[in-house]
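Biologist: Could you take one part of this model and go through it with me closely, then show me how the rest of the fold is put together around it? I would like a connected story rather than a list.

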Amino acid sequence: MFDCIIIGGGIAGLQAAIQLGRYEHRVLVIDSGTGRSTLCRRYRNILGWPDGVAGDELRRLGRIQADTLGVHFVTGKAGSAGGSEEEGFFVIVGDGADKVKYLAHSLLLATGIMDRLPPVPGLRECLGLTLYVCPDCDGYEVRNRRTVVIGAGNTGAEMALTLRSRTNELIYINHERTAIKDEMYRELNENGIPVMHEQMSEITVAGDGEMTGVKLVQGGVIEAERGFVAFGGNAVHTDLATELGVERMENKHIPTDPRSKMTNVPGVWAIGDIGVHSEQATIAMGEGAQAAIWIHKSLVRRRGS
């Protein structure tokens, strides 16, 4: 019987595991080894990492730190979950003969989201280095540089308009050739942002993640030093939450108590990109520590009762 099971071993889940480990609670992290942070080759806006740090490296270091505190790890995907604060919670990992049931007094959901990315050669190689997804995190990186926005319809158009204060050299490639609202089209034209309704065949790369441009299916290359991806429709991994009775918004994100990060279900917390906030690694870290503090309080109360 664990004090807390954390589902998700990304930035948020690891920070929570470290905090709970320092409280000397018995903690289990269930991690599939995938997730948004595994794709980012360099976070540049995190305190103490002026030259950036790869998501995989941050996870590796966090896991080592949590391990020294006695946190347990299981590699796998949580297939189902249930229970209550009064009777205890369960999480099932694996299928068939490999299925294992884990029990805990509390659950912390840190299952994250995944960006919708087209299967274009060179794209993932550049992510976090010269190709980005978050203008709040990395808009700084494209200032005064020739930048291409790769996306779909209104989502890509909105990204291009968001970046106009960073650079005057913007091109929007509407890769999926989906419709753009008339008013948005007018705004793009007014800001001198050309729109190309063409599909990409490849992101051209020179060296380690240094993009040089975009090849088009119909022929030709659009030269660019930097890029942003904006397709919308990101996968929000909160289906497991519904089995627990956790409230979700229409976009599948989970509202939580702003002070404790607990969901509407007592004993179940949610942190990181599945929450309702700006999706940034630094916020995920803060929420991990924040939720852990309140999980600790609830566990102490439980032991005293």
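Modeller: Happily! Let's start inside helix α5, where Gly153, Gly156, Ala157, Met159, Ala160 and Leu161 are buried. Please keep in mind that this is a predicted model. What do those buried residues pack against? Their neighbours are α4 (135-138), β9, β10, α6 and β15, and we can take several of these in turn.

Strands come first. Helix α5 spans residues 153-162 and lies across β9, β10 (170-174) and β15. Its direction makes an angle of about 170° with β10. Angles over 145 degrees count as roughly antiparallel, so α5 and β10 fall in that class.

The strands under α5 belong to an open sheet of 5 strands with parallel pairing, ordered β8-β15-β9-β10-β11. At its edges are β8 (131-132) and β11 (195-196), each of which pairs on one side only. Further in, β9 (residues 147-151) and β15 (residues 226-230) are joined by 5 bridges in the parallel sense. If you want a place to find this pairing on screen, look at Thr147, whose bridge partner in β15 is Arg226.

Now for the helix neighbour. The axis of α5 comes within 10 Å of the axis of α6 (residues 182-190), and the two cross at roughly 35°. This crossing is left-handed. From α5, the residues that take part are Asn154, Ala157, Glu158, Ala160 and Leu161, and they meet Met184, Glu187 and Leu188 of α6. The contact contains 5 nonpolar residues, 1 polar residue and 2 charged residues. Asn154 is the polar one, while Glu158 and Glu187 are the charged pair of residues in that count. Notice that Ala157, Ala160 and Leu161 turn up here as well as among the buried residues of α5.

Let's move to another group of strands, where β6 (residues 100-109) makes a good anchor. Of the 10 residues in β6, 7 are buried, so the strand is largely enclosed by the rest of the structure. Several strands pair with β6, and we can follow them one by one.

Strand β5 runs antiparallel to β6, with 5 bridges between them. Two adjacent partners show this nicely: Val91 bridges to Tyr102 in β6, and Ile92 bridges to Lys101. The hairpin of β5 and β6 has 6 residues between the strands, and in it Gly94 takes a positive phi near 90°.

Strand β5 (residues 88-93) is mostly covered too, with 5 of its 6 residues buried. It also pairs with β4 (residues 78-84), again antiparallel, through 6 bridges. Here Gly82 stands opposite Phe90 of β5. The hairpin that joins β4 to β5 has 3 residues in its connection.

Back at β6, there are parallel partners as well. Strand β1 (residues 2-7) is paired with β6 over 5 bridges, and Cys4 has Ser106 as its bridge partner there. Strand β17 (residues 268-270) also runs parallel to β6, joined by 3 bridges, with Leu107 of β6 partnered by Val268. When you look along these strands, one general point helps: in a regular strand the side chains alternate between the two faces of the sheet.

A second helix pair is worth setting beside α5 and α6. The axes of α1 (residues 11-22) and α2 (residues 55-68) come within 9 Å and cross at roughly 20°. The two helices are therefore roughly parallel to each other, and their crossing is left-handed. On the α1 side the contact uses Ile11, Leu14, Ala17 and Ile18; on the α2 side it uses Leu58, Arg59, Gly62, Arg63, Gln65 and Ala66. By class, that makes 6 nonpolar, 2 polar and 2 charged residues. The charged residues are Arg59 and Arg63.

One last residue to click on is Gln15, which also sits in α1. Is Gln15 buried or partly exposed? Its relative accessibility is 24%, so it counts as partly exposed; the cut-off for buried is under 20%. Leaving aside residues up to four places away in sequence, Gln15 touches Met285, Gly288 and Ala289. Gln15 and Met285 are 270 residues apart in sequence, yet their C-alpha atoms are 5.6 Å apart in space.

Methods:
Residues numbered from 1 in each chain as written. Predicted model: local features only at pLDDT ≥ 70, side-chain atom pairs only at ≥ 80, totals over all residues. Heavy atoms only, no water. Pairing = 2+ DSSP bridges. Helix = DSSP H or I, 4+ residues; strand = E, 2+ residues; numbered from the N terminus. Contact = heavy atoms within 4.5 Å. Axes fitted to C-alpha atoms, helices over the stretch in contact; angles between N-to-C directions. Buried < 20%, exposed > 50% of the residue type's maximum accessible area, 1.4 Å probe, protein only. Left-handed = near helix turned anticlockwise from the far one by under 90°. Parallel < 35°, antiparallel > 145°, perpendicular 65-115°, else oblique.
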